[in-house]
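Thanks for making time this morning. I would like to walk you through one structure, beginning with its interior and ending with its cysteines.

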Amino acid sequence: MELAPRIMFSISLWTVTVGLVVFNANNPVNAINNGVARLPILGYNTWNAYQCNIDENLMLTTAKLMKSLGLQAAGYNFVNIDDCYAEKNRTASGDIQEDKVRFKNGMVKLNQQIHALGLPYLTHSVQYSDSGWFTCAGYPGSFMNEVRDATTFAKWGFDYLKYDNCAIPYDDIIRQGIVGKYQRMADALSQVSKTFNRPFVFSLCEWGWSQVWLWGAKLGHSWRTTGDIAPQWDSLASIINFNSFITQATDFYGRNDLDMLQLGNGGLTFAEAKSHFTAWALMKSPLLIGTNLSAITPDILGILTNKEILAINQDSVEGASISPFRWGINPDWTSNSTHPAQYWSGPSQNGTVFMLLNTLDTPSNLFFNLTESPFIRAGRQYSVRDLWTHTNNGTAVRNFTATDVPPHGVVALLLKDAGDEPAGIFPACSVWFQCIDKNGTHVGG
């Protein structure tokens, strides 16, 4: 699928206001809660690395690598078989069937083999289907077979469904909008879950064409907000830019899905790979690895297993995404698919998280006043923890500067309240022109 064109425009105040009305702090995401996927899913997906070149041996090898590489210990416990696993035709009775050559032992056996490996963290398996007549690669879709297919997936032992958006039926057949198309499978999963006493995680892969972030939480646990990702900075920047305006749609049990992690597939510098992972993790997107694990490098593995970044993604107290507090290069609330917002923050159970993104092609210093973030208190000082260098970097008073951030690079920080700022600092306010004395005089600069 083609990515969105590179554009820059300013969003009207009316549009911004509507967004804030829908997703303000007093009106949290109305997400489905069936007991699963309270936190973002961590796992592996076959599509980006292999497309249709999958079989049961690959899945078993991948499962073993997830343990030996330390990915399962880091929390990656879902294995996703994407498109192309099935025969092109259903059985005579109408059921989806596994490819008789590539999955000759069947999906039930495959799931049993994976779990029999003794992998304590590998507890979930993921299946794929489509809301249309066919999947995106031309295999049977689930339209008009929703309950049948959900039952098949449950019998096979799967408990997560990625649901795509190809091969939509004609209008005079479907006679409903995109919400109704996905509602059919949501209802089927709910029905089948009761039969098997095992809830499904439902991932809507609708690509954001119908403002899925407004309604997806009523049906599932995550929803794709853009087209497919590519291992290029322009693709990452475009996805980050788009999602910067809808961060309020993410919270416990429901979240924007920024697509799979394209680390180690070529096309990204090391700095860009860190930015990719940081943005996805701190925006609380599901983290599904799309890399050939047999060829993964230690550098990429180190990114994927950064415990301090993963801890923010998996925060059990604060479920919200980070959001921009200043766009930086562009005026605030400006959409620019090549230069997205640079200054982001959000709450966590251990302090305020910051992401500083250098969207330029050259090294850059990134400066901000602490109280630009709504989660920072005036008149306080904050200890600074670097989530990539894993070092404590002293105390920030009033402002912070990240120096020489690499091109397309990132700085991720955790700031913790460290008490009142030192007395006698002049001026009396860090943003001096916004403050006034009780007698009516300005504090001066």
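The largest nonpolar core, meaning a set of buried Ala, Val, Leu, Ile, Met, Phe, Trp, Tyr and Cys residues joined through side-chain atoms within 4.5 Å, has 90 residues, and those with the most contacts inside it are Tyr76, Tyr85, Phe277, Trp280 and Leu304. Helix α7, residues 178-196, gives the most to this core, with seven residues. Domain 1 (42-314) and domain 2 (323-420) both contribute residues, so the core lies between them; the domain bounds come from an automatic or database domain assignment.

Please keep in mind that this is a predicted model, in which local features need pLDDT of at least 70 and side-chain atom pairs count only at pLDDT 80 or more, while totals for chains, interfaces and linings use all residues. Residues are numbered from 1 along each chain as its sequence is written, and side-chain values use heavy atoms, with hydrogens and water left out.

Let me turn to one helix, where helices (H or I, at least four residues) and strands (E, at least two) are DSSP runs numbered from the N terminus. Helix α10, residues 270-282, has 12 of its 13 residues buried, so it is largely enclosed by the rest of the structure; buried means under 20% relative accessible area, exposed over 50%, and partly exposed in between, with a 1.4 Å probe and protein chains only. Phe277 and Trp280 are among the buried residues of α10, and what covers them and the others includes α9 (233-243), α11 (298-304) and β18 (410-420). Just after α10, Lys284 takes a positive phi of about 60 degrees.

Now to the cysteines: how many disulfides does a search of the whole structure find? The search finds three, a disulfide being a pair of cysteine sulfur atoms within 2.5 Å. One of them joins Cys52 to Cys84, with 1.8 Å from S to S, and because Cys52 lies in the loop between α2 (47-50) and α3 (56-68) and Cys84 in the loop between β3 (78-80) and α4 (106-116), the pair ties together parts that are 32 residues apart in sequence. Another joins Cys136 to Cys166, and with 90 degrees about the S-S bond this link is right-handed. The disulfide of Cys429 and Cys435 has a torsion of about -110 degrees about the S-S bond, so it is left-handed. Cys429 is buried, at 17% relative accessible area, whereas Cys435 is partly exposed, at 22%. Finally, Cys205 is in no disulfide, and the nearest cysteine sulfur, that of Cys136, is 6.9 Å away.

Conventions. Contact means heavy atoms within 4.5 Å.
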